[in-house]
Amino acid sequence: MSNDPLLQPFQLKHLTLRNRIMITSHEPAYPEDGMPKGRYRAYHVERAKAGVALTMTAGSASVARDSPPVFNNILAWKDEVVGWMKQMVDECHDHGAAVMIQLTHLGRRTRWDKADWLPIVAPCHEREAAHRAFPKRIEDWDIARIIEDFADAAERMKAAGVDGIELEAYGHLLEQFWSPLTNDLDNDYGGSLDNRLRFTFDVLRAIRARCGQDFIVGLRYTGDQCQPGGMTAAEGMEISHKLKASGLVDFLNVVRGAIDTDPALTDLIPIQGMKNAPHLDFAGKIRAATGFPTFHAAKIPDVATARHAIASGKLDMVGMTRAHMADPHLVRKVIEGREDDIRPCVGANYCLDRIYQGGLAFCLHNPATGREETIPHSIAPAAVKKRITIVGAGPAGVEAARVAAERGHAVTVFEAADQPGGQIRLTAQDERRREMISIIAWRMAQCEKRGVSFRFNTFAEAETVLDTNPDEVIIATGGLPHTAVLGAGNDLVHSAWDILSGDVKPGSNVLIFDDAGDHAALQAADLVSATGAAVEIVTPDRSFAPEIMAMNLVPYMRNLQKRNTTFTVTWRLMSVAREGNQLRAVLGSDYGDVRRERLVDQVIVNHGTRPLDDLYFELKPQSRNLGEVDYDALAEGRSQQVVRNPGAGFRLFRIGDAVSARNTHAAIYDALRLVKDL
Ligand SMILES: Cc1cc2nc3c(=O)[nH]c(=O)nc-3n(C[C@H](O)[C@H](O)[C@H](O)COP(=O)(O)OP(=O)(O)OC[C@H]3O[C@@H](n4cnc5c(N)ncnc54)[C@H](O)[C@@H]3O)c2cc1C
Ligand SMILES: Cc1cc2nc3c(=O)[nH]c(=O)nc-3n(C[C@H](O)[C@H](O)[C@H](O)COP(=O)(O)O)c2cc1C
């Protein structure tokens with residue numbers, strides 16, 4: 001028996017949790033028709049198989065029709081949920097993991113125009129910033145109905161065999177009652193703290209009446225809203241004592257902060273560049289004061305910090321949620337003493353960006369996450385060992401090399417630069433984004449273990465590739481900045497890369513034309529504005545940085561707004577001309593024949609990359625396949641292997657930005673789905 005604190009069991013009432021690592025509730029938007037069907041089940045079962053003790057399913061499963069989900073959440077108010085949940089619970093149980101579910105009524109934290117167009121409710125009329133809906137001020141009969149809805153949903157989950165439930169009391173209706181910011185009721189449910197807590201206790205009592213005292217019921221609660229005028233830490237502590245005294249609650253899952261605005265949410269769920277475990281001590285204090293079994297998650301991404309959280313007695317169960325999105329086999333690797341092999345969460349928050357964009361939560365650098373039905377997390381050895389030559393050691397190239405080496409192939413990678421990383425190296429120049437380099441470092445460590453041959457400082461040409469006598473060739477040459485948006489005057493503009501690499505010094509009065517809306521322009525703006533320069537970011541889009549969602553925008557805004565930066569949307573850069581030692585930039589609009597002019601000393605253009613594909617087209621006529629894509633195969637996670645020229649020696653593939661300007665996830669996904677079958 002291991003004496004690792006993380007691997008000790010934890011007893012919660014009658015439930016033995018096999019170790020101290022859990023996944024907290026998070027909605028990846030995988031449910032289909034509001035039910036935890038194949039994709040959702042496969043996702044949780046993968047993590048159960050690999051040893052996690054407890055998976056808290058559902059992000060915010062909705063208990064009522066007037067709590068329409070915005071992230072495709074589970075509909076716990078439907079009876080059909082029982083069968084789907086049972087299937088998932090049974091499979092996770094078969095692998096030794098406990099399963100609970102988070103239930104909630106979203107209150108005002110949703111949109112009214114989803115689902116049935118019922119009015120949404122809150123203990124106030126105030127609009128919530130994230131989803132922008134004005135709620136109806138809740139009435140007495142709404143309260144009575146929703147209390148019963150909670151009890152009904154809890155009963156359904158008990159019937160499905162879950163080991164317990166957790167009510168979400170941060171940001172959602174329960175906490176909306178708690179907080180003076182969102183409760184202006186003048187009846188028994190508003191005013192004093194006891195009145196503001198009344199709804200929560202009514203809900204808890206109704207659940208206990210239906211599900212009994214043995215059923216495990218916990219609360220995910222904020223102990224401090226950290227908002228001016230909001231619920232304070234002192235009130236939070238008082239609430240935790242009242243909850244304890246009630247005997248209605250079996251565990252607390254402590255969070256600190258609020259989720260109504262992007263900056264608040266970013267402090268609550270910290271992203272890259274922010275401190276690890278910022279709220280761990282806070283959670284520990286609640287545990288010490290109340291004796292509640294305490295769960296907590298907030299950027300505890302690595303095993304050492306998680307171990308400390310348990311060993312120091314601050315937590316009973318440590319949540320490693322995004323860490324499990326990056327590596328679902330995390331616990332197994334701890335058990336097997338292979339912590340070095342754990343794929344690190346780099347805090348890029350692509351997962352949350354995606355759901356805020358209305359998509360599915362994907363991990364920036366683990367494309368198998370959320371695609372478990374078609375893409376395995378473990379790479380199978382190849383039946384026939386081959387020589388695989390890869391050109392480019394950006395994220396696409398190193399992922400291709402890692403997967404090919406895991407399959408047992410002999411792999412050679414050519415890289416023009418003196419080190420791997422491609423564009424990720426530019427990204428990680430920014431101290432705040434340093435964690436991104438782990439995307440490359442983890443893969444390089446895996447490649448090293450498997451003897452991949454890297455040839456740095458080698459710009460590969462057709463000859464270089466052919467000299468390796470390859471069976472398969474993968475072109476992962478990425479792209480170069482595409483600044484040619486203007487026609488004449490191009491030689492007067494710089495790319496965001498020029499600035500980020502340090503090749504070009506920032507000007508003092510700078511116009512950044514961002515026609516991509518991604519990180520590169522904002523990283524450049526951050527760097528330039530830090531020098532004290534005046535910066536204007538111009539974009540033809542209707543909002544600026546549309547590819548950067550909620551939380552990832554926050555650190556940029558925190559810097560840019562306090563500096564000399566302006567944002568100009570719906571304008572396009574038309575031309576740049578020299579005027580003395582200045583540049584005259586002319587802006588035009590897609591909305592009409594209008595012009596504006598700016599006199600600046602530097603123009604930076606961000607317009608994605610243009611593929612570096614010469615080598616691909618040179619090799620193509622000599623290859624066995626003509627690079628045609630079988631889209632059905634690709635969609636199912638199988639690689640495209642159209643062979644048209646069987647006489648020749650090698651097949652040729654092209655992945656990542658060498659195909660078109662996309663992102664890191666696309667580059668790595670291209671590589672994985674291709675090479676897992678080669
Ligand atoms: C500042 C910045 C921030 C970004 N932030 C994000 C982000 O937050 N999230 C995100 O998803 N994406 C981000 N991106 C985009 C992302 O980095 C790219 O989409 C991704 O790196 C593409 O990967 P790739 O491997 O296809 O190409 P690249 O990263 O461009 O790598 C290609 C490699 O091939 C090498 N090469 C080219 N030709 C040859 C040759 N003939 N011989 C040998 N070697 C060759 C190059 O030297 C390079 O190392 C960012 C990009 C930048 C510039
Ligand atoms: C995609 C995604 C969706 C989330 N949805 C919810 C949710 O519905 N309810 C909830 O309580 N927390 C939600 N969370 C927050 C997580 O439970 C957790 O608190 C957060 O990710 C911080 O923990 P970590 O650093 O271990 O990832 C979500 C997180 C992610 C990444």
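**Exercise 1. Describe the lining of the largest cavity by residue class, then place that cavity in the structure.**

*Solution.*
Step 1. Start with the classes. The lining of the largest cavity has 24 nonpolar, 12 polar and 6 charged residues. Keep in mind that this is a predicted model.

Step 2. Take the total. The largest cavity is lined by 42 residues. Nearest its centre lie S25, H26, Y170, I269 and L352.

Step 3. Find the elements. Two or more lining residues come from each of strand 4 (54-62), helix 7 (262-268), helix 10 (321-326) and helix 12.

Step 4. Add the volume. The largest cavity holds about 680 Å³ of space. A search of the whole structure finds 4 cavities of 30 Å³ or more.

**Exercise 2. Find which helix gives the most to the lining of the second largest cavity.**

*Solution.*
Step 1. List the candidates. Helix 10 and helix 12 each supply at least two residues of this lining.

Step 2. Pick the helix. Helix 10 gives the most, with 3 residues.

Step 3. Describe the space. The second largest cavity has a volume of about 110 Å³. Its lining has 15 residues, and C345, A348, N349, C363 and L364 lie nearest the centre.

Step 4. Sort the lining. The residues divide into 11 nonpolar, 3 polar and 1 charged.

**Exercise 3. Identify the residues closest to the centre of the second largest pocket, and the elements that help to line it.**

*Solution.*
Step 1. Begin with the space. The second largest pocket holds about 660 Å³.

Step 2. Go to the centre. Of the 26 lining residues, A130, H131, Y356, Q357 and M549 are the closest to it.

Step 3. Name the elements. Helix 12 (350-356) and helix 19 (550-560) give two or more residues each to this lining.

Step 4. Sort by class. The lining of the second largest pocket divides into 14 nonpolar, 7 polar and 5 charged residues.

**Exercise 4. Decide how helix 13 and helix 15 are oriented: roughly parallel or roughly antiparallel?**

*Solution.*
Step 1. Choose the quantities. Two packed helices are described by the angle between their axes and the distance between the axes.

Step 2. Read them off. Helix 13 (residues 395-406) and helix 15 (residues 438-449) pack at about 30 degrees, with axes 9 Å apart.

Step 3. Apply the cut-off. Angles under 35 degrees count as roughly parallel, so helix 13 is roughly parallel to helix 15.

Step 4. Give the hand. The crossing of helix 13 and helix 15 is left-handed.

Step 5. List the contact. Helix 13 uses P395, V398, E399, A401, R402 and E406. Helix 15 uses I440, W442, R443, M444, Q446 and C447.

Step 6. Sort the contact. It has 7 nonpolar, 1 polar and 4 charged residues.

Terms used. Residues numbered from 1 in each chain as written. Chains lettered and ligands numbered in written order. Predicted model: local features only at pLDDT ≥ 70, side-chain atom pairs only at ≥ 80, totals over all residues. Heavy atoms only, no water. Axes fitted to C-alpha atoms, helices over the stretch in contact; angles between N-to-C directions. Helix = DSSP H or I, 4+ residues; strand = E, 2+ residues; numbered from the N terminus. Parallel < 35°, antiparallel > 145°, perpendicular 65-115°, else oblique. Left-handed = near helix turned anticlockwise from the far one by under 90°. Contact = heavy atoms within 4.5 Å. Nonpolar A, V, L, I, M, F, W, Y, C, P; charged D, E, K, R; others polar. 1 Å grid on protein atoms, 1.4 Å probe; cavity = no way out; pocket = protein on both sides within 12 Å on 5 of 7 lines; lining within 4 Å. Points joined across faces, edges and corners; volume = space filled by probe spheres on them.
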